[in-house]
Amino acid sequence: MRVLLIGANGYLGRFVADRLLADPAVQLTALGRGDDADVRFDLASGSPGALTRFLDAVHPGVVINCAGATRGGARELTRHNTVAVATVCEALRRSGCGARLVQIGCGAEYGPSQPGSSTAEDAVPRPGGPYGVSKLAATELVLGSGLDAVVLRVFSPAGPGTPAGSPLGRLAEAMRRAMQSGDGELKLTGLGAQRDFIDVRDVARAVHAASLSAAQGVINIGSGRAVRLRDAAAVLARVAGYGGALHELDGPPGPLRASIGHPRPDSDHLSHAAHAAHAGHTAHATHVVHTAHAAQAGQVSPAAYPYPDGCGSWQQADVRTARDRLGWRPRINLEESLGDIWMEAACRI
């Protein structure tokens, strides 16, 4: 199977590439803006005609688009997340390769949801920020293209390679600095948001499965369980061996407890308790972690939602469609993902 992977050098793309390269039946070609791509091409500025000629030459059976931007203003996000996808769709329509398209969407397309609820694919998207709007527009372009296509709405990826600017990345860096300086107390702020974290390697498995399937439309990729960031902070402290006290400035009084998730009345979720700790898709998050020194300097301004993804205080995916149509379930729990995040943070000088 010939696969064209767009965005192979990005956070998700690197793991998707590793997964595909491990499949001896896959012949992989990487297209991107970097020098190490097999073919250099900028979707945001390149023409559909040029991409069509390349598709006709390579003749892939599957095109996977992991490219996109998570940072920047509305114009930049639109160029890299919407215009780029329009180029891919138009090139595939013109090409004679007949390739299947696997587009990587995101949970931010849904926008805010009711706390305690699980968001299914039939929910009406109401993105609360330019990032979610740009990704939703891309999804609509794919769904309306008439192509053999599936959009995987990835919720909050975590694990190795987690960007240092993301909430979990910032949390690990703050803890590293506290341990390095011998601080016995770490003060945190804005940890009340709950997100559905999913390990990036599980995301890669889902992309692989989607490329082999006949499923079309939108499919959620998440753990199916919301985790409060303050709980993730407590688990990270345990994983890192941080013996100091963790205090949340704008949360409930007392030290943070190392608990993950919450009971689910749904028997299906209870039967999969092994996945209860699964839990990352917002590399463009702003500061959510501050050390005690910053607090003393008066620099800490508590934030209600540390994720500027427009999704409010709660997000949790309904992942039954991925199970039923892709045969996919998450395998890697949050503690393992946090362990990998910590290993990378601890290696920084």
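Axes are lines fitted to C-alpha atoms, for helices over the stretch in contact, and angles run from 0 to 180 degrees between N-to-C directions. The exercises below concern a predicted model.

**Exercise 1. Classify the packing of helix 5 against helix 7, and describe the contact.**

Solution.
- Step 1. Helix 5 comprises residues 167-181 and helix 7 residues 229-240; their axes lie 11 Å apart, at an angle of about 45 degrees.
- Step 2. Angles under 35 degrees count as roughly parallel, over 145 as roughly antiparallel and 65 to 115 as roughly perpendicular, the rest being oblique.
- Step 3. Helix 5 and helix 7 are therefore oblique to each other, and their crossing is right-handed.
- Step 4. On the side of helix 5, the contact residues are Pro167, Leu168, Leu171, Ala172, Met175 and Met179, which meet Leu229, Ala232, Ala233, Leu236, Ala237 and Ala240 of helix 7.
- Step 5. By class, this contact holds 12 nonpolar residues, no polar and no charged.

**Exercise 2. Determine how helix 3 is oriented with respect to helix 4.**

Solution.
- Step 1. The axes of helix 3 (residues 74-94) and helix 4 (residues 130-143) cross at roughly 10 degrees and come within 9 Å.
- Step 2. Helix 3 is therefore roughly parallel to helix 4.
- Step 3. Helix 3 contributes residues including Ala74, Leu77, Val85 and Cys89, while those from helix 4 include Pro130, Tyr131, Lys135 and Leu141.
- Step 4. The contact of helix 3 with helix 4 divides into 11 nonpolar, four polar and one charged.

**Exercise 3. Classify the packing of helix 1 against helix 6, and state what covers the buried residues of helix 1.**

Solution.
- Step 1. Helix 1 (residues 11-21) packs on helix 6 (residues 200-212) at an angle of about 60 degrees, the axes being 8 Å apart.
- Step 2. These two helices, helix 1 and helix 6, are therefore oblique to each other; the crossing is right-handed.
- Step 3. Tyr11, Leu12, Phe15, Val16, Arg19 and Leu20 of helix 1 make the contact with Val200, Arg201, Val203, Ala204, Arg205, Val207 and His208 of helix 6.
- Step 4. Nine of the residues in this contact are nonpolar, one is polar and three are charged.
- Step 5. The buried residues of helix 1 are Tyr11, Leu12, Gly13, Phe15, Val16, Ala17 and Leu20. Their cover includes strand 1 (2-6), strand 2 (27-32), strand 4 (62-65), strand 5 (100-106), strand 7 (156-158) and helix 6.

**Exercise 4. Is Val203 buried or exposed, and which residues does it touch?**

Solution.
- Step 1. Val203 is located in helix 6.
- Step 2. Buried means under 20% relative accessible area. Val203 has 2% relative accessibility, so Val203 counts as buried.
- Step 3. Beyond four places in sequence, Val203 touches Leu12, Val154, Ile198 and Ile221.
- Step 4. Ile221 has contacts of its own outside its neighbours within four places, among them Leu152, Val154, Ile198, Val203, Ala206, Leu326 and Trp328.
- Step 5. The largest nonpolar core has 34 residues, and Ile64, Leu152, Ile221 and Leu326 have the most contacts inside it. Helix 6 gives the most to this core, with seven residues.
- Step 6. Another core, of 29 residues, lies apart from it and includes Val63, Ala91, Ala149 and Ala317.

**Exercise 5. Describe the backbone and the exposure of His59.**

Solution.
- Step 1. His59 belongs to the loop between helix 2 (48-58) and strand 4.
- Step 2. The phi of His59 is near 55 degrees, a positive value in a residue other than glycine.
- Step 3. With a relative accessible area of 40%, His59 is partly exposed.

Methods. Residues are numbered from 1 along each chain as its sequence is written. This is a predicted model: local features need pLDDT of at least 70, side-chain atom pairs count only at pLDDT 80 or more; totals for chains, interfaces and linings use all residues. Side-chain values use heavy atoms; hydrogens and water are left out. Helices (H or I, at least four residues) and strands (E, at least two) are DSSP runs, numbered from the N terminus. A crossing is left-handed if the near helix is turned anticlockwise from the far one by less than a right angle, and right-handed if clockwise. Contact means heavy atoms within 4.5 Å. Ala, Val, Leu, Ile, Met, Phe, Trp, Tyr, Cys and Pro count as nonpolar, Asp, Glu, Lys and Arg as charged, and the others, Gly among them, as polar. Buried means under 20% relative accessible area, exposed over 50%, partly exposed in between (1.4 Å probe, protein chains only). A nonpolar core is a set of buried Ala, Val, Leu, Ile, Met, Phe, Trp, Tyr and Cys residues joined through side-chain atoms within 4.5 Å.
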